[in-house]
Amino acid sequence: MMKKPFLNCTLIFIFSLFAILSAQSQDETAYPDIPRIDVHTHATDDVDAISKYLELRDLLIQTHKADLAFWINLGGRSDLVSKFDDIMKAGKGRMLCCISDYRTSDGLKYPPDELQQWLDRGFIGYKIWSGPPHRMMKPGEEGYPYIDNPAHEPTFSKMEEIGMLAASIHIADPCGPWGNRTEWLPDPVEYWKQIIAWRHVLERHPNLHAVCAHCMWAICQDGQIDYLRNTLATFPNFNVDLAATFQYYNLVNRDNLRSFMIEYADRILYGTDVGKWQNEEQTKQYAQRYFRTFQILETDAVVQGSFFSQDEIQGLALPRDVLEKIYYKNAMRIYPRVKECMGELGYEVD
């Protein structure tokens, strides 16, 4: 008569333990041994902001067992050049920088004959923001509104010559499907003008190595994904990052998106578009944002929110070898000095 209560207690204990372990596993990455490199960040020249990045890294390891190992700092509208040494010191070997240009309608900021000196200084690429004209130019302002501005040709040619990476080039803004165009760029005609302008650049400069920000914003419709397939197949030196794209995955067919990422795993890089934040509570919030993107890529769960939204997103459950390429192997291959830095940090790089 005494065995039945004991058995019941044992079963309750086992089920409780299983529930605890299940809850823990849902809050931890299944891939704690895979490092992650965020190639699209905007810590700018703020040394205090960079210290927050390192605190966030520690929190991700403690809370989610996820190793956010390295960042590419694309700057912003501040000047990374004058504070370069301070930025590198603050990053403690976990951050590299690009020179950046956030106004392109009247020509690019850095002349061709200066580019080599920035590579020699330690900058690893040229970030160019050539967004929609309505965001780049004031009403009535004169200038050429697209990235294929003839004034840019000498710079792109020089970048080809010296092997300078076009890093997270921003082309267009999100344009969703009919009935859900998104607030950023609802006009599909204008959207395609901007996309085609970038293709002109790639056609004129086939040896230009480039990473396009936000999957070139060709990720919000299934037809756009097919165009992205075409662009990647046509231009072997062209790559894309995933920054700020996660919140739009519910606009496309999940299996189509997953198939695309597997097919072009060698050409896709992890990124978030993270900026700066101020305090410990925000550090916790950003750690959760990062982890949600990991869940989207790693699991097939319905994830409540992404990096910039609270919409439900169906996870892609990408294979381990695909995750390794997207998370860090592609970045080590495409970006100068990243592989060397990862090796110095103790990661396996061969």
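# Pockets, rings and cysteines

Biologist: Nice to have this one to look at together! By class, how many nonpolar, polar and charged residues does the lining of the largest pocket have?

Modeller: Happy to start there, and do keep in mind that this is a predicted model. The pocket is lined by 20 residues and has a volume of about 410 Å³. By class, its lining has eight nonpolar, seven polar and five charged residues.

Biologist: Which residues lie nearest the centre of that largest pocket?

Modeller: The lining takes in 20 residues, and a handful of these are placed nearest the centre. They are W129, R135, H170, H214 and D273.

Biologist: Let's take H214 from that group. Is H214 buried or exposed?

Modeller: H214 lies in the loop between β7 (210-212) and α8 (222-234). Its phi is near 60 degrees, a positive value in a residue other than glycine. The relative accessibility of H214 is 2%, and the cut-off for burial is under 20%, so H214 counts as buried.

Biologist: And D273, where is it found?

Modeller: D273 also has a positive phi, near 75 degrees, and is a residue other than glycine. At 22% relative accessibility, D273 counts as partly exposed. As for its place in the chain, D273 is found in the loop between β9 (268-269) and α10 (280-298).

Biologist: Turning to enclosed spaces, what is the volume of the largest cavity?

Modeller: A search of the whole structure finds two cavities of 30 Å³ or more. The lining of the largest cavity includes S130, Y146 and Q194, and by class it has six nonpolar, three polar and no charged residues. The volume of this cavity is about 40 Å³.

Biologist: Which residues line the second largest cavity?

Modeller: This cavity has a volume of about 30 Å³. Its lining divides into five nonpolar, two polar and no charged residues. The residues are L202, H205, P206, L208, F235, N237 and F238.

Biologist: On to the rings! Why is the pair of F307 and F308 edge-to-face or stacked, whichever it may be?

Modeller: The structure has 21 aromatic pairs. In the pair of F307 and F308, the ring centres are 5.0 Å apart and the planes are at 75 degrees. Planes over 60 degrees apart count as edge-to-face, so the pair of F307 and F308 is edge-to-face.

Biologist: Which of those two phenylalanines is partly exposed?

Modeller: F307 and F308 both belong to one aromatic cluster, which also includes Y53, W71 and Y327. F307 has a relative accessible area of 1%, so F307 is buried. A relative accessible area of 40% belongs to the partly exposed residue, F308.

Biologist: The charged end of which residue sits over the ring of F294?

Modeller: F294 is in that aromatic cluster, and Y286 is in it too. The charged end of R289 sits over the ring of Y286, 4.5 Å from its centre. Over the ring of F294, 4.6 Å from its centre, sits the charged end of R36.

Biologist: Last one, on cysteines: how many disulfides does the count come to?

Modeller: A disulfide needs two cysteine sulfur atoms within 2.5 Å. For C97, buried at 0% relative accessible area, the nearest cysteine sulfur is that of C98, 7.6 Å away. The sulfur of C212 is 9.0 Å from the closest cysteine sulfur, in C215, and so too far for a bond. The count of disulfides comes to zero.

Terms used
Residues are numbered from 1 along each chain as its sequence is written. This is a predicted model: local features need pLDDT of at least 70, side-chain atom pairs count only at pLDDT 80 or more; totals for chains, interfaces and linings use all residues. Side-chain values use heavy atoms; hydrogens and water are left out. Buried means under 20% relative accessible area, exposed over 50%, partly exposed in between (1.4 Å probe, protein chains only). Rings of Phe, Tyr and Trp (its six-membered ring) pair if their centres lie within 6.5 Å; planes under 30 degrees apart count as stacked, over 60 as edge-to-face and the rest as tilted. A charge sits over a ring if NZ of Lys or CZ of Arg is within 6 Å of the ring centre and within 35 degrees of the ring normal. On a 1 Å grid over the protein atoms alone, a cavity is a set of points where a 1.4 Å probe fits but cannot get out, and a pocket is an open set with protein on both sides within 12 Å along at least five of seven lines; lining residues have an atom within 4 Å of a point. Grid points are joined across faces, edges and corners, and a volume is the space filled by probe spheres set on the points. Ala, Val, Leu, Ile, Met, Phe, Trp, Tyr, Cys and Pro count as nonpolar, Asp, Glu, Lys and Arg as charged, and the others, Gly among them, as polar. Helices (H or I, at least four residues) and strands (E, at least two) are DSSP runs, numbered from the N terminus.
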